[in-house]
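Hi,

Here is the structure I promised to pass on. Have a look at it first, and my notes follow underneath.

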Amino acid sequence: MTYRRTSQQNGLNTATAVLAKHAGLIDEMNHDDPELNDPAQTPAQGLGGDAGRIAELEKKLAELSDLHLRAKAEVENVRRRAEEDLAKARKYAVEAFAESLLPVRDSLEAAVALPGAAADHMLEGVHATLRQLSSAFDRNKVTLIDPPVGSKFDPHQHQAITMVPSEHEANSVVSVLQKGYLIADRVLRPALVTVAAPK
């Protein structure tokens, strides 16, 4: 993906440079031959009847027009490829996360396939599956929000369910009813907590 973006950026830079060159050469032609901009004169009069000069300018104009069309086409191609890459990125954004969850599903299916397993073996399997899930979360930057009792209530990461009398400082966490989660630095789900009421 990084290589494709670099290639697209290079193509866009090339197209932009060609367009700038086109504009600069036209300005140079107009500067060198101000009579070309005089609508009161015919081409032959403005150039003093110099047919060779007219042919040279017409050739240069044709070349610039061709470069201009090529540059426009390149810009359009870069734009189209960028849109396609963006659409693919959105469509497959969860691919890595989904892949990391496959072992978790495999473990759960294996546990369900052994309904007669001993309780201690089943518990051991549950712990192993939980470790797999935690590993998948870590690889995808999903982190736990589990504030310790007595910590200050954070409205950005915690959701207060109720205020209760407590020996802790007012507006501090008394208990965690449900853990929360972050994905990178964004709150995926706030932690549900009870908060100490003012004394």
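**What I found**

The buried residues of α3 are Leu57, Leu64, Ala71, Val78 and Asp85. Buried here means under 20% relative accessible area, with exposed over 50% and partly exposed in between (1.4 Å probe, protein chains only). Helices (H or I, at least four residues) and strands (E, at least two) are DSSP runs, numbered from the N terminus.

Before you read on: this is a predicted model, where local features need pLDDT of at least 70 and side-chain atom pairs count only at pLDDT 80 or more, while totals for chains, interfaces and linings use all residues. Residues are numbered from 1 along each chain as its sequence is written, and side-chain values use heavy atoms, with hydrogens and water left out.

Back to α3, which covers residues 51–91. Its 41 residues should span 60 Å at 1.5 Å a residue, and its end C-alpha atoms are indeed 60 Å apart. (The expected span is 1.5 Å times one less than the number of residues.)

As for the overall layout, the protein chain has five helices and six strands, in the order α-α-α-α-α-β-β-β-β-β-β along the sequence. Buried residues account for 18% of its 199 residues.

Helix α4 (residues 95–112) bends by about 30° at Leu101, with Pro103 following within four residues. That bend is the angle between axes fitted to the seven residues ending there and the seven starting there.

Over in the strands, the largest nonpolar core has six residues: Ile145, Val173, Leu182, Ala191, Val193 and Val195. Strand β6 (residues 191–196) gives the most to this core, with three residues. A nonpolar core is a set of buried Ala, Val, Leu, Ile, Met, Phe, Trp, Tyr and Cys residues joined through side-chain atoms within 4.5 Å.

And the rings? A search of the whole structure finds two aromatic pairs. One of them, Phe137 with Tyr181, is edge-to-face, at 5.7 Å centre to centre and 80° between the planes. This pair links distant parts of the chain, since Phe137 sits in helix α5 and Tyr181 in strand β4 (residues 180–183), 44 residues apart. Rings of Phe, Tyr and Trp (its six-membered ring) pair if their centres lie within 6.5 Å; planes under 30 degrees apart count as stacked, over 60 as edge-to-face and the rest as tilted. Ring pairs also join Phe97, Phe137 and Tyr181 into a cluster. Tyr181 counts as partly exposed because its relative accessibility is 24%.

Cheers
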